[in-house]
Amino acid sequence: MPEHSAISVASLGDLVEEQGALPGFVVQRADGLYVLRSRLDSPAAFVQFVNRVIDAGLYFHNLDYARFVELLYDEKAREPAEVFLASGVRPFDPVRRTLYHSLRADKDEATFLFEPIHALDDEGAHKNRPSGGHQHDGERIILDIDEFIAYAWAEGVRYGIDLAAVNEGFELGKPEKRVVARSLPAQAGKDAEIRELAPGLHRNNAPRRMVSGRVDLRQFETRYPQVAASLRLVQKVPRKPGIDGRLISGEVVPASPAKDFELASLAGPGTQVKREKDVEFLVSSVCGFLSVDTQTNQFSVGDKIVSHEGVSTRTTGDLLLTGEVYEQHGEIQEQRIVRCRSITAHADVFGHVQSMGGIVHLKHNLVGGSASNELGDIVVDGVASGATLSALNGCITLRRADNCVILARRAVIGQATACTIVADELNIDISEACAAASRWLHVRLSRSRREIDNVFLVRVPDLSAHSAQIATMQKRLETLLKMIAQQREKITALREEKELANYLRLADKLRRKELTLRPEQEVSWRRLSGQVAPALKALAQLSQSVTEMDAEQGRIRVNVAELIAERDALSAGIACSVEQMVDETRISTFLYRPADPPLSSLSSKELKARLLRTDAATRLLFAGAKGSFAWSYQATAN
């Protein structure tokens, strides 16, 4: 079949005259047709131009398919300004169009049955060339890639044609179906993310290795890091948008949008967002402890450690913290230990909370665990149940306590049920079936529970040792005073002897320079001095003895005063009062000696047994089921 000659732009204008004038963005150069990007408003205008050409029965000869697709679908392409499109256009012979008849397409791919085609026979039918057979009459018809593109366009295949596969198919010697066009799947974008810059942002769940080299399985290699001001914590990595795909029909397959976030949403107290050379950083604005909220991913830096994830074997292990303040918003689970100076727990505590002098504030319940504070106070807003609370140098304040052991310098309890309590000062609003020992005790209402009564012990000191020491010292003081008086009488008698009195009188005048000795008088003075020397020695010894006894009696007086003050201090403020009793209540004094082990050192079982026991150290003050009781301790009663 002879080749068709290329059609000029003028001829093209004649052929598409019914559809309108040629677009202004198409121009002809010596070597073919070009598209001016500056005049092409949008790919849609180019699509309309291609449709007019194809609908007019034409096709593009020597088409640059890559540029063709770019012009159709790439709105961002701006270079080069003048794009070669094709050598020209040719009419698409209807007879040759019938050669392209086996295209099958769906939205994702198109297939074409390639088979050898030969010239027409006498009956006007195409003859196929059997594979491996002899040459039939007529030459083989060669299909054209440009014609195929135009045919595929008319059939709705407007993207993704595999030119190499089509050209190879044209050369096949036997029928074979091949994929000739494929859609382009959309490429997902990359979400915006953060890149960690500061160390310690992630918890290390490896067991903690101690200085000795041994491993503590109860603790993790975890910490709440302290950071300096202006430290870069994280950097925002911007999102990368996805790349849209395209169906073979030319329709866009939108890529899933990449997720983005504002770095400012992660900036909690003590942090701020800074931008440097188009890069965003989250930096600390103050010095302090860094914490990350696992729920909101918010970073914060403050003077206290704040945790929202709770304390458990899985998350943290035991926490032995060096900071001043620790604030926990999650549960502290059984057997877990949290140690810090000041501790605030917003959720239930089932483990052990230990403070070294700040304040322990449990805003919910303490169940089955313990709370201790060496030098400060403990406050439980919820219920303390089956727990041990110890603040030997502070105050324990409880709204309600059930079956607890409470050891404190001072305790204030709303309602105590079946508790064992030891405190210097104890104030209970409602007491049920409790055993308590205190120096100062006040109970508004005392009642039993399940036939178990209240037992209150008023601790009084054993002052017998003080009394014995005071008596011994006073006896010694009386002896000293008598001895001092005797020695002073001897000194007076010795000083009144004639020779010694004359010597002392002359010595006093010589010392004051009221008298001056002549040379012949000095011999007499030396002789007199030798005569009174033994008396002077005896006088000096007596004076030294009196001085030493005066010092001793002064020390004894100070010691007696200190013992009396100590006795008065031990005796002061000891009292007990129960405003109302509705069930059996027993009140006794409990005599304790300084040498006895403190009640706080006993186990909970031993402590309760000791408080309930009646022996020589206890003396009954009251036993009854009605009325009220008030009593104050007098030191003379011991």
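Biologist: How much of the chain is buried in this model?

Modeller: In this predicted model, buried residues make up 41% of the 638 residues.

Biologist: What makes Phe 25 count as buried or exposed?

Modeller: Buried means under 20% relative accessible area. Phe 25 has 6%, so Phe 25 is buried.

Biologist: And Phe 49, buried or exposed?

Modeller: Phe 49 has a relative accessibility of 1%, and the cut-off is under 20%, so Phe 49 is buried too.

Biologist: Why is the pair of Phe 25 and Phe 49 called edge-to-face?

Modeller: Rings pair if their centres lie within 6.5 Å, and planes over 60 degrees apart count as edge-to-face. Here the centres are 6.1 Å apart and the planes meet at 85°, so Phe 25 and Phe 49 form an edge-to-face pair.

Biologist: How do you know that this pair links distant parts of the chain?

Modeller: Phe 25 sits in the loop between α1 and β1, Phe 49 in helix α2, and the two are 24 residues apart. The whole structure has 21 aromatic pairs.

Biologist: Why is α2 called oblique to α3?

Modeller: Helix α2 (residues 43–55) and helix α3 (residues 65–73) pack at about 125°, with axes 6 Å apart. Roughly perpendicular stops at 115 degrees and roughly antiparallel starts over 145, so α2 is oblique to α3.

Biologist: What makes the contact of α2 with α3 nonpolar or charged?

Modeller: Pro 43, Phe 46, Val 47 and Val 50 of α2 meet Phe 68, Leu 71, Leu 72 and Tyr 73 of α3. Pro, Phe, Val, Leu and Tyr count as nonpolar, so the contact has eight nonpolar residues, no polar and no charged.

Notes. Residues numbered from 1 in each chain as written. Predicted model: local features only at pLDDT ≥ 70, side-chain atom pairs only at ≥ 80, totals over all residues. Heavy atoms only, no water. Buried < 20%, exposed > 50% of the residue type's maximum accessible area, 1.4 Å probe, protein only. Axes fitted to C-alpha atoms, helices over the stretch in contact; angles between N-to-C directions. Helix = DSSP H or I, 4+ residues; strand = E, 2+ residues; numbered from the N terminus. Parallel < 35°, antiparallel > 145°, perpendicular 65-115°, else oblique. Contact = heavy atoms within 4.5 Å. Phe/Tyr/Trp six-rings, centres within 6.5 Å; stacked < 30°, edge-to-face > 60°.
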